[in-house]
Amino acid sequence: MFILVGLGNPGSDYADNRHNIGFMAVDAVHRRHGFSPWRRKFQAEVADGHLGSEKVLLVKPMTYMNESGRAVGEVVRFYKLQPEDVVVVHDELDLPPAKTRMKTGGGHGGHNGLRSITSQIGDRYRRLRLGIGHPGRKELVHSYVLKDFAKADLDWLEPLLDAIADNAPLLATGADSAFANKLHLALGGSPTGPKKPAKGKKAAKKGDQPEAKDDKEKSADAAPEKPADAAKPAEPQKRGALAEGLARLFGKHD
C-alpha cells in the first residue's frame, strides 16, 4: 500500500493559499483517478483508490500544518507501513514557482509540516517539493505563504497540477525519477539525461579538475502555523473541480 499525503491548512480561509499547494495536488489526483469520496479518519480527510495496480490512500491532515505528523503517524502505524511507503507533497520556498523536485530523506528545511511528520515516522519518507518562490526577506515569509496565489500564477499552477495527476501512477510504483522528468517536460523543460560533449570539445580526462558546483540546499524558515483548536473541529476542505476552483479564485483575487 502507498500513502500520498498533501500538506495544507484546513478550512475555506486557507484553501487557495500558497501553503496549500499540497492539498491542491492531492485533490487533482483524487479527481483524475476516481478515488472514493473523502471521509474523516486519522485526524485527516482520506480517500481510497488505485494508481495503476497499486492500492493508494490519499491523506489531507486536518490538524493544521504544524501538527501534520499526528495524522500521518496514525496512518502509518495503523497500516504497519514503512516511511518509504509515504510520499508527502508540500510547498517549497527554495524552488522557483513551477519548479519541482523529488527527494527521499533529509532534513525538514524549516518547513513545519515536514518537521512534524519527521517527529512521528522518521525522515526516510519521500517528498514531492513544489516550488512557490521566496518573497526575498525572512520577515515576509509568513504572510507570503498564507496569501492566495496571484492571478498570474494560473499559467503554471494549472498545468503543474494536471501533470501531477496524469503521472501519479509512477509515484505509486516508486519510479520517482521518471515522475520528476515527466513533470519537467510537461512544464516546458528539456529531457533530462547524460549530456554529450559539445562538438569540437573533448570529454574530460581522468584527473581533470571538475567544475565546482554548489548543490547544498538552503534552509527556509517556515511560517508559524495557526494552532489547532481542540474544541472546534477543523472545517473540511472545500474544493470543486480544478478549473472551477481556479476560476473562483481568480475571479475574486488579483
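This is a short talk on one annotated residue, the salt bridges and one helix pair in the structure above.

Keep in mind that the model is predicted.

Let me start with His19. The UniProt annotation "active site" covers His19, and the entry is unreviewed. Where does His19 sit? His19 is in the loop between strand E1, residues 2–6, and helix H1, residues 21–32. Is His19 buried or exposed? His19 has a relative accessible area of 2%. The cut-off for buried is under 20%, so His19 counts as buried.

Now the salt bridges. Side chains of opposite charge can pair when their charged atoms come close. How many salt bridges does a search of the whole structure find? The search finds nine. I will take three of them.

First up, Asp162 and Arg32. Their side chains meet in a salt bridge, at 3.2 Å from N to O. Asp162 lies in helix H5, residues 154–172, and Arg32 in helix H1. The two are 130 residues apart in sequence, so this pair ties together distant positions in the chain. Asp162 is partly exposed, at 25% relative accessibility. Arg32 is partly exposed too, with a relative accessible area of 38%.

Next, Glu45 and Lys60. These two form a salt bridge, and their closest N and O atoms are 3.5 Å apart. Glu45 is in strand E3, residues 44–51, while Lys60 is in strand E4, residues 54–61. That pair is 15 residues apart. Glu45 and Lys60 are both buried.

Then Arg129 and Glu92. The salt bridge between their side chains is 3.2 Å, N to O. Arg129 belongs to strand E7, residues 126–131, and Glu92 to strand E5, residues 86–92. Here the partners are 37 residues apart. Arg129 is buried, and Glu92 is buried as well.

There is also a network. Asp27, Glu45 and Lys60 are joined into one by salt bridges that share partners.

Back to H1 and H5. At what angle do H1 and H5 pack? The angle is about 50°, and the axes are 8 Å apart. That makes H1 oblique to H5. The crossing of H1 past H5 is right-handed.

Which residues meet there? On the H1 side we have Ile21, Met24, Ala25, Ala28, Val29 and Arg32. They meet H5 residues including Trp156, Leu157, Leu160, Leu161 and Asp162. So both partners of our opening salt bridge, Asp162 and Arg32, turn up in the contacts between H5 and H1.

How values were computed:
Residues numbered from 1 in each chain as written. Predicted model: local features only at pLDDT ≥ 70, side-chain atom pairs only at ≥ 80, totals over all residues. Heavy atoms only, no water. UniProt positions renumbered as here; feature names shortened; annotations may be inferred. Helix = DSSP H or I, 4+ residues; strand = E, 2+ residues; numbered from the N terminus. Buried < 20%, exposed > 50% of the residue type's maximum accessible area, 1.4 Å probe, protein only. Salt bridge = Lys/Arg side-chain N within 4 Å of Asp/Glu carboxyl O. Axes fitted to C-alpha atoms, helices over the stretch in contact; angles between N-to-C directions. Parallel < 35°, antiparallel > 145°, perpendicular 65-115°, else oblique. Left-handed = near helix turned anticlockwise from the far one by under 90°. Contact = heavy atoms within 4.5 Å.
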